[in-house]
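Colleague: Could you walk me through this one, feature by feature? I'd like the general idea and then the case at hand.

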Amino acid sequence: MKKLTFILVVLMATMFSACSSDDDNDSNSLDGTTWVADDEDEIRTLKFQKTTVTLIYQYDANGDGVINAADGQEESTGTYSVDGDKITIKEGKVTSQGTISGNKMVLSADGDSVTYYKK
């Protein structure tokens, strides 16, 4: 009986330690989140999946002051990685780096910065 109890305790300890490391790997994931930077004449949206991000850029192509279906939209896909509060997004030849603080993300690339807010 003591041997059986000992084996069960060892198995349970092994299972719990394995589960906790799996949870740690997902703690920095942005999977399923959407972030938006909304300016007067353009809207930039980031939609995160497990390892990829869809970048959507909408702009006031007809100059009427309203961004709607009649205006321009560009969409592309990239990859991302998160290390603590640091994020790196690679889309084509462009690499953006930034920080995440709560519901705010600031990304910089080629000397320009854009602030996104979680939706």
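Modeller: Sure, we'll go through the strands, the turns, a charged pair and a pocket.

Modeller: Keep in mind that this is a predicted model.

Colleague: Let's start with the fold. How many strands close into the barrel, and in which order?

Modeller: Eight strands close up, running β1-β2-β3-β4-β5-β6-β7-β8, and their pairing is antiparallel. On average, neighbouring strands of this sheet are turned by 30° against each other, ignoring direction.

Colleague: Take one pair, then. Over how many bridges do β1 and β2 pair?

Modeller: Five bridges, in the antiparallel sense, between β1 (residues 34–38) and β2 (residues 42–48). If you want a register mark, D38 has I43 in β2 as its bridge partner.

Colleague: And the hairpins further along? Which residue takes a positive phi in the hairpin of β4 and β5?

Modeller: That's G84, with phi near 70°, in a hairpin that has two residues between its strands. The two strands pair antiparallel over five bridges, and D83 stands opposite K86 of β5. The hairpin of β5 and β6 also has two residues between the strands, and there G92 takes a positive phi near 65°. Here the antiparallel pairing runs over six bridges, with K90 opposite T95 of β6.

Colleague: What about S101, buried or exposed?

Modeller: S101 sits in strand β6. It counts as exposed because its relative accessibility is 54%, and the cut-off for exposed is over 50%. Its C-alpha is 6.8 Å from that of D85, 16 residues away in sequence.

Colleague: Now charges. How many salt bridges does a search of the whole structure find?

Modeller: The general idea is that side chains of opposite charge can pair when their charged atoms come close. In this model the search finds one salt bridge. It joins R44 and E42, whose closest N and O atoms are 3.3 Å apart. E42 is buried, at 16% relative accessible area, while R44 is partly exposed at 28%.

Colleague: Last one: which residues lie nearest the centre of the largest pocket?

Modeller: Rolling a probe the size of a water molecule over the atoms shows where empty space is left. The largest pocket holds about 500 Å³. Its lining has 20 residues, and R44, L55, E91, S96 and Y116 lie nearest the centre. The elements giving two or more residues to that lining are β2, β3 (52–59), β4 (72–83), β5 (86–91), β6 (94–101), β7 (104–109) and β8 (112–118).

Colleague: How many of the lining residues are nonpolar, polar and charged?

Modeller: Ten are nonpolar, four polar and six charged. R44 turns up twice, then: in the salt bridge with E42 and among the residues nearest the pocket centre.

Methods:
Residues numbered from 1 in each chain as written. Predicted model: local features only at pLDDT ≥ 70, side-chain atom pairs only at ≥ 80, totals over all residues. Heavy atoms only, no water. Pairing = 2+ DSSP bridges. Helix = DSSP H or I, 4+ residues; strand = E, 2+ residues; numbered from the N terminus. Axes fitted to C-alpha atoms, helices over the stretch in contact; angles between N-to-C directions. Salt bridge = Lys/Arg side-chain N within 4 Å of Asp/Glu carboxyl O. Buried < 20%, exposed > 50% of the residue type's maximum accessible area, 1.4 Å probe, protein only. 1 Å grid on protein atoms, 1.4 Å probe; cavity = no way out; pocket = protein on both sides within 12 Å on 5 of 7 lines; lining within 4 Å. Points joined across faces, edges and corners; volume = space filled by probe spheres on them. Nonpolar A, V, L, I, M, F, W, Y, C, P; charged D, E, K, R; others polar.
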